[in-house]
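These are my notebook entries on a structure that I wanted to read step by step, starting from the overall layout and ending with single residues. I wrote down what I looked up in the order in which I looked.

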Protein chains: 2
Amino acid sequence: MAATQELTKNQSLVFDALTRADGPLSAYTILDQLREDGFRAPLQVYRALDKLLDYGMIHRLESINAFVACSHPHDHSHNHGMIAFAICEKCGQVTEFSDDVITARVREWTKGNGFKPSKTTIEIRGICASCGTA
Amino acid sequence: MAATQELTKNQSLVFDALTRADGPLSAYTILDQLREDGFRAPLQVYRALDKLLDYGMIHRLESINAFVACSHPHDHSHNHGMIAFAICEKCGQVTEFSDDVITARVREWTKGNGFKPSKTTIEIRGICASCGTA
DNA sequence: TTGACTAATGTAATAACATCACATACGAAG
DNA sequence: CTTCGTATGTGATGTTATTACATTAGTCAA
């Protein structure tokens, strides 16, 4: 496995679709966009998404059942802090950020309660600055 | 509106089902449990769930498409801190907690970025203490 | 080269989650 | 009693995700 993940054809197509998009896409939206590239069934999308999630190249937004390309341009293998998302309900823009204090605080809680975390979701839905002033 | 919310028949049935359950239930699981009480269609469940969410009596767990009764026995009208959930992927147990530091930290971010939050989701999935030692 | 194994893909069907559209009932305010 | 808002009943439909099975393609060892 190279520093930057080698992707299969389907994985590339799905990743490119997400990268082109300026916001989150649902699996079925991706499917529609890739029909002309030969995609026929949801599973082709979901399988690629699963791998891309594994590789840390994309994120799933649980609260809206959609996917975004990771906005961190650099390496994905470290930086194990939790990632939070601010999702604008008007324009769909997603802002990704991480906060060491929140990360530490969550870890404290899980440690203190003997809970072994596998995945943590932090999503803030609301109205972004642009949409709020517009 | 009374201190404790007056519920309609359907709302009571759904709330009771969630209260009886020792873990989160999906809307369709609730529907199945309430068939003998006259429930016939998903909408009957979803409408009740919407109201109960409004009243703050239940929570929706976005990452597993399920609902739980709020575990805070006391009043729901104040305590505006964010609520986090630890969800055990083995036994399904959900633990609800709130953390002022996390709440403050999220607020700082949203203020600093001109983002007006409407709903914040924090869900930690993993293995709970009981399941981890068992 | 062949065979065995693993990963990726193609396809249809189905399951699981959620909403729309429209009709009906029922209680409170005037 | 009429009007209005809220709750309800019901069927159809829309959206999201998985199961099951067949096929293709690459890797590696004998």
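**Entry 1: the elements of chain A.** I began by listing the secondary structure, and in chain A I found five helices and five strands. Read from the N terminus on, these elements follow the order α-α-α-β-β-β-β-α-β-α. I noted at once that I am working with a predicted model, and I keep that in mind for every value below.

**Entry 2: chain A as a whole.** I looked up the extent of the C-alpha trace of chain A, which spans about 50 × 45 × 25 Å along its principal axes. Chain A has 134 residues, and 40% of them count as buried. For the accessible surface of chain A I noted about 7500 Å², with 50% of this area belonging to carbon and sulfur atoms. I then turned to contacts in chain A with a separation of 6 or more, and wrote down that 56% of these are between residues 24 or more positions apart. Last in this entry come the charges: chain A carries 14 positive and 16 negative ones, and the mean positions of the two sets are 6 Å apart.

**Entry 3: the domains of chain A.** Which residues belong to each domain of chain A? The domain assignment places residues 8-70 in domain 1 and residues 79-134 in domain 2. Taken over C-alpha atoms, the centres of these two domains of chain A are separated by 21 Å. I also checked how the domains of chain A meet, and found 11 residues of domain 1 in contact with 10 residues of domain 2.

**Entry 4: the hairpin of chain A.** Here I followed strand β1 (residues 58-61) and strand β2 (residues 66-69) of chain A, which run antiparallel and are joined by four bridges. To see the pairing at one position I picked Arg60(A), whose bridge partner in β2(A) is Phe67(A). Between the two strands of this hairpin there are four residues, and Asn65(A) lies in that loop between β1 and β2 of chain A. What caught my eye was the backbone angle, for phi of Asn65(A) is near 50°, a positive value in a residue other than glycine. Is Asn65(A) buried, exposed or partly exposed? With a relative accessibility of 41%, Asn65(A) counts as partly exposed, because that value falls between the limits of 20% and 50%.

**Entry 5: the hairpin of chain B.** I repeated the search in chain B, where β1 (residues 58-61) and β2(B) pair in the antiparallel sense over four bridges. In this pair, Arg60(B) stands opposite Phe67(B). The hairpin of β1(B) and β2(B) has four residues between its strands, and in the loop I found Asn65(B), which is not a glycine and yet has a positive phi of about 45°. Asn65(B) has a relative accessible area of 43% and is partly exposed.

I stayed with strand β2 of chain B a little longer in order to compare its faces. In a regular strand the side chains alternate between the two faces of the sheet. In β2 (residues 66-69) of chain B both faces are covered, with Ala66(B) and Val68(B) buried on one side and Phe67(B) and Ala69(B) buried on the other.

**Entry 6: two threonines of chain B.** Thr120(B) has its place in strand β5 (residues 116-127) of chain B. Why does Thr120(B) count as buried? Its relative accessible area is 16%, and the reason for the label is that buried means under 20%. Apart from neighbours within four places in sequence, Thr120(B) is in contact with Glu123(A) and Ile124(A) of chain A and with Met82(B) of chain B.

The other threonine, Thr103(B), sits in helix α4 (residues 100-112) of chain B. Thr103(B) is also buried, at 5% relative accessible area. Not counting residues up to four places away in sequence, Thr103(B) touches Gly81(B) and Met82(B).

**Entry 7: a cysteine of chain A.** I ended with Cys131(A), which lies in helix α5 (residues 129-133) of chain A and is buried, with a relative accessible area of 14%. Which residues does Cys131(A) contact, leaving aside its neighbours within four places in sequence? I found Cys88(A), Lys90(A) and Cys91(A). I also noted that Cys131(A) and Gln93(A), 38 residues apart in sequence, are 9.9 Å apart in space from C-alpha to C-alpha.

Technical notes:
Residues are numbered from 1 along each chain as its sequence is written. Chains are lettered from A and ligands numbered from 1 in the order in which they are written. This is a predicted model: local features need pLDDT of at least 70, side-chain atom pairs count only at pLDDT 80 or more; totals for chains, interfaces and linings use all residues. Side-chain values use heavy atoms; hydrogens and water are left out. Buried means under 20% relative accessible area, exposed over 50%, partly exposed in between (1.4 Å probe, protein chains only). Contact means heavy atoms within 4.5 Å. Accessible areas come from the Shrake-Rupley method with a 1.4 Å probe; for residues, only the protein chains shown count as cover. Lys and Arg count as positive and Asp and Glu as negative; His and the chain ends are not counted. The place of a charge is taken as NZ of Lys, CZ of Arg, CG of Asp or CD of Glu. Two strands pair if DSSP finds at least two bridges between them. Domain bounds come from an automatic or database domain assignment.
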